[in-house]
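Q: Please take a close look at the nonpolar core of this protein and the residues around it. I am new to this structure, so set the scene with the whole chain before you go in.

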Amino acid sequence: MSDPFGTGRLREAVLASWRDSPTRFREDANAEEDLFLGGYRDRVVVELAQNASDAAGQDGILRVCVVGDELRVANTGRPLDADGVASLASLRASAKTATTAKAGGVGRFGVGFAAVLTVSDAPRVVSRTGGVAFSAARTHEAIGESGRVPVLRLVWPTDDEDPLPHGFDTEVRLPLRADEPGDLLQEFAAQAGDLLLSLDGLRRIEVGDQVWQREGTDPWVDVHAPSGTTHWLVTKDAGELADVSELGAEARPQWTVCWAAWLDDHRHPRALHNEVLHAPTPTDERLSLPARLIATVPIEADRRRVRPGVATDTVLEAAAAAYPRLLDHLDATDRTTLVPTPDFPRSEVDDKLRQEVLAALRKAPWLPTDDEPVAPRQATLLPVPSKELADALRDTIDGLVDPELAAPEHAQALAALETRRLTVADLVDRVTGIERDPRWWHRLYEALSPIADTDPDAREALGALPVPLTDGRTLPGPRGTLLVDADLDLSEVDVNVVHPDAAHPLLERLGARHGGAEELLDSLRDAVERSVEDAESGMDIEPLQKAVLGLVGSAGIRPGEYPWLAALAMRDEVGDHRRADELALPGSTFLDLLAEDTPLGVLDEDTAAAWPTPVLQAVGVLDSFAVVVDELPADADHELADEQDWWVSLPEPPTRVVAVRDLDLVADNAWPAALRLLAADPATWQALHQPGGYTGWWIAHHGRLAGEAPRAWRMPDAAELAGLYDPVPPIDVDLSVLRAIGVRQSLHIDDADDAEELLDRLGDSDRTIPPGAALRGYAALAAAVRDGTVSPTDVRPPAAVRALTGEVLPAAEAIVLNAPWVLGVVEQERVVGVGDDFDLTEPLAELLDLPLATEVVVGTARGTGEATRWADLGAVVDACDLAGLTVPGGGPLVHHQLTVRIGLVDHEVPWWVDGGVLHCEDSTAGLARALAWATDRWADRHTFAALFDDPENLLR
């Protein structure tokens, strides 16, 4: 058998070493056992694939199959040579050279080959240059030892009869010891895709009848597998270590790193989880990074753990520096997928690598902008993902990144990189103070509008958003500004109108007011209300006056609709500035109604000629009486004459005020014409006729008709007031006007003034008053006292009163009739009465400050009357029946002739009440009056008398 690789010499050297040093044999046996039972356990697939990659250099093919009871792993590339055989039999040396290292290999036929011992005791390597074999059995035979022997230290040549698979250069043949071939094929299949990605030298892996294929060139790599294709984005770097002394004599100075990011079918990255460091094959160093790292870091002999040291740090730092380049190949919105998010480190390597990757990502310019990419630390994020907002702010904010990166799904990644995210308040601060065209501001408002719709906090911050005005100024915030629709010239007026090119609905939501002439007028209110003061201080208020009058005309404002317009300063006929409501139109009929000392002025004739009368009236210039309207009055604060007196006269405060002003300026002799003017205008007509309203109240008290207040007159048809009040003089107005201003239709007392006036009329001897009218007058006065309308303390007692006879006598000689039987003994010329309602006599006596009749006239019935029951008097029973009354109980003392002594004088009377005892004479007059008093039907006394005069009803 040929021995092309000199295996005999290698065996002799090993055997000699064992003979010379018996402990060396055990050391080799233990070392080999440590490898395949420890570090290289379960790594047969990885180690054989790595050897194949090293042999191929590039575009290598690996084939795994089962032939009989053997697992066979074939590869293309450099065939077996003497150095490779020596490496296989050394346990501690590799056949790798500087050339293969530069080609990207990581070791071939070194200690990693020991992994085959996990499945076979007699591995063979067959190549087109020859083959070698290892065997536990032959080693036992060669040394005559039993127990565990180092299988891979003694190598023999072999001439396998089975040829190499077509197209392959080397094949490892492993007679299986106990493992199921199918399990090993599944293990190869499970790792095939990862191996193609990790090992640059392999392009294709065949496991049984399944095929894995690597295609593409960096950075885009596809791995086709039986289950489908996986897509990868890779970036690589390489370099050379400055010092490898800590790694051993056979260490290579070259290093390589490769980052691989997994992509979906649409080339979007998907973060990896539960990764390990590949060096280039998988280690046990767990990583939490979203991409796979394949790097030639120094690792322990078992290839499971990274070997700490300067070299490892150098490679990991290089890997971190290369990581940002991975992101350069991705779309803007995909890049943050590969940013490590906060997590607990899964190993020391993971902790170090994560921190350095984050540091590299913070400094590297990879965040896209409209210009060059920027580093996260120099980048600025918008509050929301808005392209419109980004377009508006692109030239204003440095480092503004792609707006889509402001979406929530990117927030955690960019926060980890310390990228600044603007708040809405920050944004407002950034744009405050800058100079921009109004159209630019409109674009900004349009972009910010969606934020204001959904975020209350943002709306508050946007309240300080700058707003350009038509006069060139920019205000800090929309509140107090005006968005106008009308094309109005306000260039000379101090009003905050938003520039039309900047106007946007957002401003209205943030406090700006929207509209046309009416809203502009509102914005000028402060200026109008201080215009007289400004004019007196020398300020030119003509532009304001012109603007206000123009807006009033444009808006069609009606008189009284905007009461504050009356404060507008306007010139009078002598050139002084006065409030508009202190001026009247030149030639106005209204002027003829005013007193000579009226404080009203006349509007400048040029101003009056320049503007339509309705416009001037709308701002308060008078052409007739002005009307004050307040829909929600709170107090008597409308600057109306005697308004407080009217207010307190009401039973409760008014809910609405509609009042004619300036009534106190009317001349006393002009009231008939003034009333006709008031009645002719619908607004003043309404104010005049408002129930309980100010206008009617004031005219009733202070107006003058023929020198008297309207309430001193009666309506022409008020017959019951004849004698008390005279008919109102004819003034050619509707009767409802007369009633509204207090001309009396009926007898009523509203206050102490009314009471005093009526008392004066009743005591006026020049006035002819029918007795019935006098009784009604005194009854009305007494009722006002009883009901609390009038307090006697507020009324001056009269000097004279009118008696029942209609005569006037001094009040000191009069008494108030409070008992009808007294009339039998006193003169009616002394008695003041109220009619039949004797309940009113005490209030009247208090008002007149007079005694009651029963207090002055005290009499005692003389003689003994006959006690008689009403029910025993047939005439009484019949009279009650005819009157529909119940016969009262008890009865009077009936006298044949009734005499009453008052003082020392006896008086014959028809009836009397003495100490509550009812006395009457036996006569129609006596019985009728007594029955009327007993039944509380005093007013029916004459009816009872008529019934008693029927002969059939005479006393029996």
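A: The protein chain of this predicted model has 33 helices and 39 strands. Its radius of gyration is 62 Å, and the globule rule gives 30 Å for 956 residues, so the chain is more spread out than a compact globule. A box of roughly 185 × 85 × 45 Å, taken along the principal axes, holds the C-alpha atoms.

Even so, there is plenty of inside to look at. Of the 956 residues, 52% are buried. Take the contacts with a separation of 6 or more: 62% of them join residues 24 or more positions apart. The surface of the chain comes to about 43,400 Å², and carbon and sulfur atoms supply 47% of that. The chain carries 84 positive and 164 negative charges, and the mean positions of the two sets are 15 Å apart.

Now the core itself. The largest nonpolar core has 82 residues. Two of its members, Leu675 and Tyr778, touch the most other members. Helix H28, residues 771-786, gives this core its largest share, 10 residues. Another core lies apart from it, with 53 residues. Ala52, Leu80, Ala89 and Ala260 are among them.

Look at leucine 675 first. Set aside residues up to four places away in sequence. Leucine 675 then touches Ile699, Leu705, Ile731, Val733, Val737 and Ile741.

One of those names, Leu705, leads on to valine 743. With residues up to four places away in sequence again left out, valine 743 touches Leu705 too. The other residues it touches are Pro710, Arg711, Trp713, Arg714, Met715, Val728 and Leu738. Valine 743 sits in a loop, between helix H26 (735-740) and helix H27 (752-762). Is this loop residue buried or exposed? Its relative accessibility is 3%, under the 20% cut-off, so valine 743 counts as buried. Tyrosine 725 is 18 residues away along the chain, and its C-alpha atom is separated from that of valine 743 by 9.8 Å.

Histidine 504 is another loop residue to compare. Its loop runs between strand S19 (482-484) and helix H15 (505-509). Histidine 504 has a relative accessible area of 6%, so it is buried. Its contacts, leaving aside neighbours within four places in sequence, are His442, Tyr445, Glu446, Ser449 and Leu483.

Glutamate 639 gives the opposite reading. It lies in the loop between strand S25 (627-630) and helix H22 (643-649). Its relative accessible area is 76%, over the 50% cut-off, so glutamate 639 is exposed. Its backbone is worth a glance as well. Glutamate 639 is not a glycine, yet its phi is positive, about 55 degrees.

Aspartate 59 has a positive phi of about 55 degrees too, and it is not a glycine either. Find aspartate 59 in the loop between helix H3 (44-56) and strand S1 (60-67).

One more loop completes the tour. Proline 219 lies between strand S8 (210-215) and strand S9 (220-225). The peptide bond leading into it from aspartate 218 is cis, with omega near 10 degrees.

Definitions and conventions. Residues numbered from 1 in each chain as written. Predicted model: local features only at pLDDT ≥ 70, side-chain atom pairs only at ≥ 80, totals over all residues. Heavy atoms only, no water. Helix = DSSP H or I, 4+ residues; strand = E, 2+ residues; numbered from the N terminus. Rg over C-alpha atoms; globule rule 2.2 N^0.38 Å. Buried < 20%, exposed > 50% of the residue type's maximum accessible area, 1.4 Å probe, protein only. Contact = heavy atoms within 4.5 Å. Areas by Shrake-Rupley, 256 points an atom, 1.4 Å probe, with all protein chains shown as cover. Lys, Arg positive; Asp, Glu negative; His and termini not counted. Charge placed at Lys NZ, Arg CZ, Asp CG, Glu CD. Core = buried A, V, L, I, M, F, W, Y, C linked by side-chain atoms within 4.5 Å.
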